[in-house]
Amino acid sequence: MTSKEEIITKTRLFVKKELENEATGHDWWHIQRVVNMAKNISKTEGGDEFIIEVAALLHDISDYKLNNGDEKKGIEKLETFLNEIAISPETKEEILNIINGVSYKGAGVKEETLSVEGKIVQDADRLDAMGAIGIARTFAYGGNKNRAIYSPNIDPKIHTSFIDYKSSTAPTINHFYEKLLLLKNRMNTKTAKKIAKERHQFMEDFLTQFYSEWNA
Ligand code: NI
């Protein structure tokens with residue numbers, strides 16, 4: 001019988017190896033921050049700690065952004081790993097549902113209904129897309145994808161389909177209006193809402209300063 005600690009250790013090693021050299025802001029440090037934040041949120045919001053930790057560790061493994069746009073390949077990789085660890089089919093299903101539901105798919109795209117554990121992992125992941133770290137990650141991603149920093153001639157868009165959202169090549173500043181500034185009102189838990197408020201204000205202040213320098 002494999003203990004829960006052994007499963008977590010095995011999962012950590014797998015994710016670390018997969019994402020260590022990732023250069024779009026979805027690296028191993030992002031995963032560790034999300035795991036820590038999810039555990040912190042769960043202290044006041046509840047949920048099954050084991051499910052939260054495993055799902056938070058694996059939440060980006062199948063993401064299209066990390067699989068050359070091929071989400072199917074990512075899901076296969078994730079399922080292969082889940083079949084290798086000693087968890088019940090029900091637990092596997094629960095983890096898969098969380099991972100499939102957490103990702104942001106566009107401002108106008110309806111979100112999936114999540115379990116308590118899913119809501120916590122989603123909040124933790126979204127908090128890492130906000131504030132100073134969120135800003136740093138967004139520009140790292142934009143640079144990696146050859147996007148411009150800003151263009152006053154290109155307006156932000158409210159994407160109504162996931163395909164539309166993920167194929168965007170808009171300047172990085174637009175991403176604030178297409179995702180980052182919308183996250184504050186999409187937090188699930190009370191604990192995350194409080195943290196989001198502060199990080200949101202920091203991004204607003206950053207943008208104010210950015211435009212004042214741009215127009216100086
Ligand atoms: Ni993530």
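Colleague: What angles do the four donor atoms around the nickel ion subtend, and what does that make the arrangement?

Modeller: In this predicted model, the four donor atoms subtend angles of 86 to 168° around the nickel ion, which makes the arrangement irregular. To count as tetrahedral, all angles would have to lie between 85 and 135 degrees.

Colleague: Which residues are the protein donors, and how far from the nickel ion do they lie?

Modeller: Two histidines and two aspartates: His30 and His59, each through NE2, and Asp60 and Asp125, each through OD. They lie 2.1 to 2.4 Å from the nickel ion.

Colleague: And how are those donor residues spaced in sequence?

Modeller: The spacing reads H-x28-H-D-x64-D. His30 sits in helix α2, residues 28–45, while Asp60 is in the loop between α3 (49–58) and α4 (71–84), so this pair ties together parts that are 30 residues apart in sequence.

Colleague: Are His30 and Asp60 buried or exposed?

Modeller: Both His30 and Asp60 are buried.

Colleague: Let's stay with that loop after α3. Where is Ser62, and is it buried or exposed?

Modeller: Ser62 is in the loop between α3 and α4. With a relative accessible area of 4%, Ser62 is buried.

Colleague: What does Ser62 touch?

Modeller: Not counting residues up to four places away in sequence, Ser62 touches Asn67, Glu71, Gly74, Ile75, Leu78 and Ile99.

Colleague: Now α3 itself. How many of its residues are buried?

Modeller: Nine of the 10 residues of α3 are buried, so the helix is largely enclosed by the rest of the structure. The buried residues are Phe50, Ile51, Ile52, Glu53, Val54, Ala55, Ala56, Leu57 and Leu58.

Colleague: Which helices do they pack against?

Modeller: The buried residues of α3 pack against α1, α2, α4, α5 (89–102) and α6 (116–127).

Colleague: Take α1 from that list. How do α1 and α3 cross?

Modeller: The axes of α1 (residues 4–19) and α3 come within 9 Å and cross at roughly 10°. That makes α1 roughly parallel to α3, because angles under 35 degrees count as roughly parallel.

Colleague: Which residues meet there?

Modeller: From α1 there are Lys4, Ile7, Ile8, Thr11, Arg12, Phe14 and Val15, and from α3 there are Phe50, Glu53, Val54, Leu57 and Leu58. By class, the contact of α1 with α3 has eight nonpolar, one polar and three charged residues.

Colleague: Glu53 caught my eye. What is its relative accessible area?

Modeller: Glu53, in helix α3, has a relative accessible area of 9%, so Glu53 is buried.

Colleague: Which residues is Glu53 in contact with?

Modeller: Leaving aside neighbours within four places in sequence, Glu53 is in contact with Ile8, Arg12, Val35 and Lys39. Ile8 is 45 residues from Glu53 in sequence, but the two are 7.6 Å apart in space, C-alpha to C-alpha.

Colleague: How about Ser42, buried or exposed?

Modeller: Ser42 is found in helix α2, and with a relative accessible area of 9% Ser42 is buried. Leaving aside neighbours within four places in sequence, Ser42 is in contact with Glu49, Ile52 and Ile120.

Colleague: Moving on to α5, what can you tell me about Ile95?

Modeller: Ile95 is found in helix α5 and is buried, with a relative accessible area of 0%. Among its contacts, leaving aside neighbours within four places in sequence, are Ile51, Val54, Ala55 and Leu58, together with Leu82 and Ile87.

Colleague: How far is Ile95 from Phe206?

Modeller: Their C-alpha atoms are separated by 36 Å, and the two residues are 111 residues apart along the chain.

Colleague: Last topic: the loop between α7 and α8. Is Asn146 buried or exposed?

Modeller: Asn146 is exposed, with a relative accessible area of 72%. It lies in the loop between α7 (131–144) and α8 (162–166).

Colleague: And what is phi of Asn146?

Modeller: Phi of Asn146 is near 60°, a positive value in a residue other than glycine.

Colleague: What is Arg147 in contact with?

Modeller: Arg147 is also found in the loop between α7 and α8. Leaving aside neighbours within four places in sequence, Arg147 is in contact with Tyr141, Gly142, Ser168, Thr169, Ala170 and Thr172. Arg147 and Ala170 are 23 residues apart in sequence and 6.7 Å apart in space, C-alpha to C-alpha.

Conventions: Residues numbered from 1 in each chain as written. Predicted model: local features only at pLDDT ≥ 70, side-chain atom pairs only at ≥ 80, totals over all residues. Heavy atoms only, no water. Helix = DSSP H or I, 4+ residues; strand = E, 2+ residues; numbered from the N terminus. Buried < 20%, exposed > 50% of the residue type's maximum accessible area, 1.4 Å probe, protein only. Donors = N, O, S within 2.8 Å, 3.2 Å for Na, K, Ca; no water. Tetrahedral: all angles 85-135°; square planar, octahedral: opposite > 155°, others 65-115°. Axes fitted to C-alpha atoms, helices over the stretch in contact; angles between N-to-C directions. Parallel < 35°, antiparallel > 145°, perpendicular 65-115°, else oblique. Contact = heavy atoms within 4.5 Å. Nonpolar A, V, L, I, M, F, W, Y, C, P; charged D, E, K, R; others polar.
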